[in-house]
Amino acid sequence: MAKSIKMKAILRKGTLTLRALIRHPMKVSLRDPDTGELTPGHFIQEVVCRLNGEVILQAHWGQGISKNPYLSFRYHGASPGDRLSLEWRDNRGKSDAREIVIE
Amino acid sequence: MDQERRRLLRSGLSLPVLATLVRFGIVPAAAAGLDLEPWPREAFAVKGVGEALQALYGELARQQDPRVRIRAEDLVENGAVVPIRVEADLPEVTEIALLAEKNPVPLQGRFRLASGMEGFIATRVKLAESGRVFAVVCAGDGLHVAHKEIEVTIGGCGG
C-alpha cells in the first residue's frame, strides 16, 4: 500500500519539517432529518509518526478534519539518515503506512 | 548515550539550553518516544468545547495565552477545507487540540507531541458555520488557550 500517503521532509539545521498529505474521504456521520436514519461516517481516527521507531507524534482525529487530510509538524534534533514513518488507521479498521529516509 | 541524556536532564539544564544541545547533536534527541493512548471516544462524542476539554484533560487549569497563535483566514468561502496552523511560543508543549464551537462534533483533533517537537501544527479542518475556533496547548503547567473567530460563507458538513 502506502499509496494513500505523500510525505515530504526537509531537514535544515537539525530542524525537521514534515508535510504530509493522506488520501482519505473523511466522511461525517449524517442523520436524515426526515427518516432519522444514520449514515455512519468514515474517517481517520489515529495518525502515528515515528522517528527511528520512536513515536514523536500521535494524532487523534474526528470527523472535523478535512477530506484528504494535511498535516505538518516540526521536530528538533533529527539527522540525515533518520527514518521517519507515518501510519494512519480509520474507524473502519483500514490503515496504511509509509516510511522515508531523511536526506 | 541515553543514560548520558538522563544525567543531563537531571542536571537541571533549562530546556532551551538542552534543546540547543540536542539541535547541535551534543545531546541525542529524546530516545524515549510517546506511549500510545487509545482514541478518546468520549471527547469526540460530547457536544460542547468545555465538555470536550473536560473529557480530554479533566480539571487541568486553563488560561488564555497570547503566546498561542492561530493562523487562519478571517473569512473562508468553503467551510469544508479551512487551512489552520497553531504556533505556541511555549516550552515543553506536549499536546495541541483544535476545537470548533459550532461543529456538531466540536473536537476536531488532538496532536500529542514528543519531546523535541516544536509547539506547532498545521492541518485543514471543517467548519459547519461561522464561529470561534479554539487552540488548546498543553504545556508543562496547564492548558494555554487561544481562539479565533472565523466567518464561513458555505458550511462544511456535507463532506
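This is a short dialogue on reading the contact between chain A and chain B, and some salt bridges, in a predicted model.

User: What should I know about the model before I start?
Analyst: It's predicted, so local features need pLDDT of at least 70 and side-chain atom pairs count only at pLDDT 80 or more, while totals for chains, interfaces and linings use all residues. Residues are numbered from 1 along each chain as its sequence is written, chains are lettered from A and ligands numbered from 1 in the order in which they are written, and side-chain values use heavy atoms, leaving out hydrogens and water.

User: How many residues does each chain give to the contact?
Analyst: Contact means heavy atoms within 4.5 Å. Here chain A puts in 36 residues and chain B 40 residues.

User: And how much area do chain A and chain B bury between them?
Analyst: The size of an interface is often given as the accessible area lost when the parts come together. Buried area is just that loss, taken with a 1.4 Å probe and summed over both parts. For this pair it's about 3200 Å², with 52% on carbon and sulfur atoms. A:Gln58, A:His60 and A:Arg74 supply 23% of what chain A buries against chain B, more than any other three residues.

User: Which residues form a salt bridge across to chain B?
Analyst: A salt bridge is a side-chain nitrogen of Lys or Arg within 4 Å of a carboxyl oxygen of Asp or Glu. Between the chains the count is 1: A:Arg74 with B:Glu118, closest N and O atoms 2.9 Å apart.

User: Which element gives the largest share of chain A's side?
Analyst: Strands (E, at least two residues) are DSSP runs, numbered from the N terminus. E6(A) gives the largest share of the side that touches chain B, 8 residues. E6(A) also runs antiparallel to strand E6 (residues 107-113) of chain B, joined by 5 bridges; DSSP pairing needs at least two.

User: What about salt bridges inside a chain?
Analyst: Over all chains the count comes to 13. One of them joins A:Glu87 and A:Arg50 (3.2 Å, N to O). That pair links distant parts of the chain, strand E8 (residues 83-90) and strand E5 of chain A, 37 residues apart.

User: Are those two side chains buried or exposed?
Analyst: Buried means under 20% relative accessible area, exposed over 50%, partly exposed in between (1.4 Å probe, protein chains only). A:Glu87 is partly exposed because its value is 35%, and A:Arg50 is partly exposed at 22%.

User: Which residues of chain B are linked in a network of salt bridges?
Analyst: B:Glu37, B:Glu95, B:Arg110 and B:Arg112.

Terms used:
Buried area = accessible area lost by both parts, 1.4 Å probe. Helix = DSSP H or I, 4+ residues; strand = E, 2+ residues; numbered from the N terminus.
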